[in-house]
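Visitor: Could you walk me through this one and tell me how you know what you say about it?
Guide: Sure, let's have a look together.

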Amino acid sequence: TRTPVNVTVTGAAGQIGYALLFRIASGHLLGPDVPVKLRLLEIPQAVKAAEGTAMELDDCAFPLLKGIDIFDNPTDGFAGTNVALLVGARPRTAGMERGDLLAANGGIFKPQGEAINAGAADDIKVLVVGNPANTNALIAQQHAPDVPAERFTAMTRLDHNRAVSQLAQKTGAAVTDIAKLTIWGNHSATQYPDIFHAEIAGKNAAETVNDEAWLADTFIPTVAKRGAAIIEARGASSAASAANAAIDHVHTWVNGTAAGDWTSMGVVSDGSYGVPEGLISSFPVVCKDGKWEIVQGLDINEFSRKRIDASVAELAEERDAVRELGLI
Ligand code: NDP
């Protein structure tokens, strides 16, 4: 029998946590034959709510779930963990300046990076969901010098999945016919969903759509502003779709991308495509044997170039701001 994989979820008592934990426990994160132990990390005032979620997890009698522990500090929460999903973050509240937001999140992601560095398992993989996800991932990564930088990733899979779905609806294709779509840059309104290399049933997507006005004025803003549209409609932010994307991200990282396809992940740049080295930016990546690699050699046209550059410039600004605040 396999040794259970330890999975830490921060913000476990939140909305995304509630949608995420049951799917991890039922085998969707790592696979239908991989037992898991859950480590739920919360701030002290939310521990009781996490206990309630743990009771419900117990009540599901999931065959793969081999234990649930709840912690209120990162040192214990990340001890021996193999997969860390950093969901809990400080949301922007009315009147909050960007500097305040970054500082509040620095207070969360710096100690979490340190705790991962000190006590996580050697094969630790980290996904940051909590916003601003790319920069929170950078803060955690910078405080984990003994962990290979490529183990820290930020989620743009929800943006990727949203883009796949919008493209399928526009063209009448099935989502399973769509491949090689890319989200570039920051998980923010500046992100760039790129269909110039995407394929629909093997045919180039941009040529199939052949409508640059739709691309610029409908597709890109719909994908980038989808979060706000969901808040407007539901009266609450997206949670189940964000949890689903976190599941997809880790599942793909661990189990690999399909032949002839790639996915989008926020990963540490090696300078590819002119993205400054060290920034955690979204790229097209292929995953194999538990490792990701940036897809190389794509031609970037002018339409794409200016949008990638704008989003990457925002990431560089966020990095400079956290540097000035002494957070990295
Ligand atoms: P959610 O579970 O709804 O969201 C958590 C984080 O995910 C937010 O930063 C949110 O960003 C982000 N996020 C990323 N992508 C998406 C998306 N597509 N849709 C929605 N959210 C997205 O927040 P809750 O307030 O319900 O729960 C947060 C929990 O985290 C609380 O229980 C709190 O106690 C906990 N927490 C735990 C910490 C810790 O463990 N140390 C630290 C801080 C908080 P955005 O706000 O921009 O939507």
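**How do you know?**

Guide: Let's start in the loop between β8 (182–184) and β9 (192–194), which is the place of H187. Keep in mind that this is a predicted model.

Visitor: What makes H187 count as buried or exposed?
Guide: We count C-beta atoms: a residue is buried if 20 or more others lie within 10 Å of its own. H187 has 30 other C-beta atoms within 10 Å, so it is buried.

Visitor: Which residues does H187 touch?
Guide: Leaving out residues up to four places away in sequence, its contacts are A133, N134, A154, M155, T156, D159, G266 and S282. UniProt also has something to say here: an unreviewed entry places the feature "active site" at H187.

Visitor: Where does UniProt place the feature "binding site"?
Guide: According to the unreviewed entry, at R92, R98, N131 and R162.

Visitor: How do you know whether those positions gather at one spot or not?
Guide: They span 71 residues in sequence, and the farthest two C-alpha atoms are 26.2 Å apart, so they do not all gather at one spot.

Visitor: Why is R98 called buried or exposed?
Guide: The cut-off for exposed is 12 or fewer C-beta neighbours within 10 Å. R98 has 12 inside 10 Å, so it counts as exposed. You'll find R98 in helix α4 (residues 98–119).

Visitor: And what about R162, buried or exposed?
Guide: Buried, because R162 has 21 other C-beta atoms within 10 Å and the cut-off is 20 or more. R162 lies in helix α6 (residues 157–171), and it touches V223 and R226, again not counting residues up to four places away in sequence.

Visitor: How do you know where the ligand lies relative to domain 1 (5–154) and domain 2 (157–317)?
Guide: Both domains give residues to the shell around the ligand, so it lies between them. Of the 27 residues around the ligand, the nearest are G11, G14, I16, G88 and A89. By class, that shell has 14 nonpolar, 11 polar and two charged residues. Helix α1 (residues 15–25) gives the largest share, three residues.

Visitor: What span would you expect for helix α10 (residues 240–255), and what does the model give?
Guide: Helix α10 has 16 residues, and at 1.5 Å a residue the expected span is 22 Å. From its first C-alpha to its last, α10 reaches 22 Å, close to that expectation. After α10 comes G256, with a positive phi near 100°.

How values were computed:
Residues numbered from 1 in each chain as written. Predicted model: local features only at pLDDT ≥ 70, side-chain atom pairs only at ≥ 80, totals over all residues. Near = placed C-beta within 6 Å. Helix = DSSP H or I, 4+ residues; strand = E, 2+ residues; numbered from the N terminus. Nonpolar A, V, L, I, M, F, W, Y, C, P; charged D, E, K, R; others polar. Domains from an automatic or database assignment. Expected span 1.5 Å × (residues − 1). UniProt positions renumbered as here; feature names shortened; annotations may be inferred. Contact = placed C-beta atoms within 7 Å.
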